[in-house]
Amino acid sequence: MVTDKAIERIANDYDLSTYTVKKAIEGSRYPLDFDRMVEEGSFCFRGPDDESRVDNASICLASKILANKGVQEYVLPIVCNRIKAWDHQNIEDLLNFLRKMVSIMELNPEDHPPIEICGLDIDHLPSEDIPKNIRPGYRIWAIDKKGMCLVGNDANEVIHIDDIPRT
């Protein structure tokens, strides 16, 4: 029950089907020992009622599943392909895809080279044309069709193009 809920949680959080998550688990080069994982996560099995306990345990188990390098090797390219295929309509969608990618990579940072693991060049995210007259030192990572821009040192802020300083 906890395992099924953890799989559903991953599927929902990363916009995947449960079939895809199960395929990632089954095809992992690093087999998952669910009995050990559940045992190690038993401290998460707490709460005022059974439903809360199962829910809390599924959160811990979902993280352990997604931290498996083999599962990541299957799931990460799916998330990265969504970044590459972003339709330029809503910058929030791109930001959401980037956050999902980073959240997966943060589970095993030592196992991942920089973002290039996805075949993705962070300096060349999909984007509408970025104006050339932006103040030097101000970084726009991407812009959508409505003029909303992804900015900030970590590409984690959104601002309208009209609010960006020009030269």
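Buried residues (under 20% relative accessible area with a 1.4 Å probe, protein chains only; exposed is over 50%, partly exposed in between) make up 38% of the 167 residues in the chain. This is a predicted model, in which local features need pLDDT of at least 70, side-chain atom pairs count only at pLDDT 80 or more, and totals for chains, interfaces and linings use all residues. Residues are numbered from 1 along each chain as its sequence is written, and side-chain values use heavy atoms, with hydrogens and water left out.

**Exercise 1. List the elements of the chain in order from the N terminus.**

Step 1: count them. There are 6 helices and 3 strands, taken as DSSP runs (helices H or I, at least four residues; strands E, at least two) and numbered from the N terminus.

Step 2: put them in order. The run is α-α-α-α-α-α-β-β-β.

Step 3: add the dimensions. The C-alpha trace spans about 60 × 35 × 25 Å along its principal axes.

**Exercise 2. Find the largest nonpolar core and the elements that build it.**

Step 1: apply the definition. A nonpolar core is a set of buried Ala, Val, Leu, Ile, Met, Phe, Trp, Tyr and Cys residues joined through side-chain atoms within 4.5 Å.

Step 2: find its centre of contacts. The largest core has 40 residues, and those with the most contacts inside it are Ile65, Val71, Ile83, Leu94, Met101, Leu125 and Leu150.

Step 3: assign elements. Two or more residues come from each of α1 (2-13), α2 (18-26), α4 (50-67), α5 (69-84), α6 (91-105) and β1 (140-143). The most come from α6, which gives 8 residues.

Step 4: look for another core. A second, separate one has 7 residues, including Ile134, Cys149, Val151 and Ile161.

**Exercise 3. Take Ile65 and name the residues that it touches, leaving out those up to four places away in sequence.**

Step 1: set the cut-off. Contact means heavy atoms within 4.5 Å.

Step 2: read off the partners. Ile65 touches Ala6, Ile10, Ile25, Leu32, Phe34, Met37 and Val71.

**Exercise 4. Compare two non-glycine residues with positive phi, Asp15 and His88: is each buried, partly exposed or exposed?**

Step 1: note the angles. Phi is about 55° at Asp15 and about 70° at His88.

Step 2: locate them. Asp15 is in the loop between α1 and α2, while His88 is in the loop between α5 and α6.

Step 3: check accessibility. Asp15 counts as partly exposed because its relative accessibility is 45%; His88 has 16% and is therefore buried.
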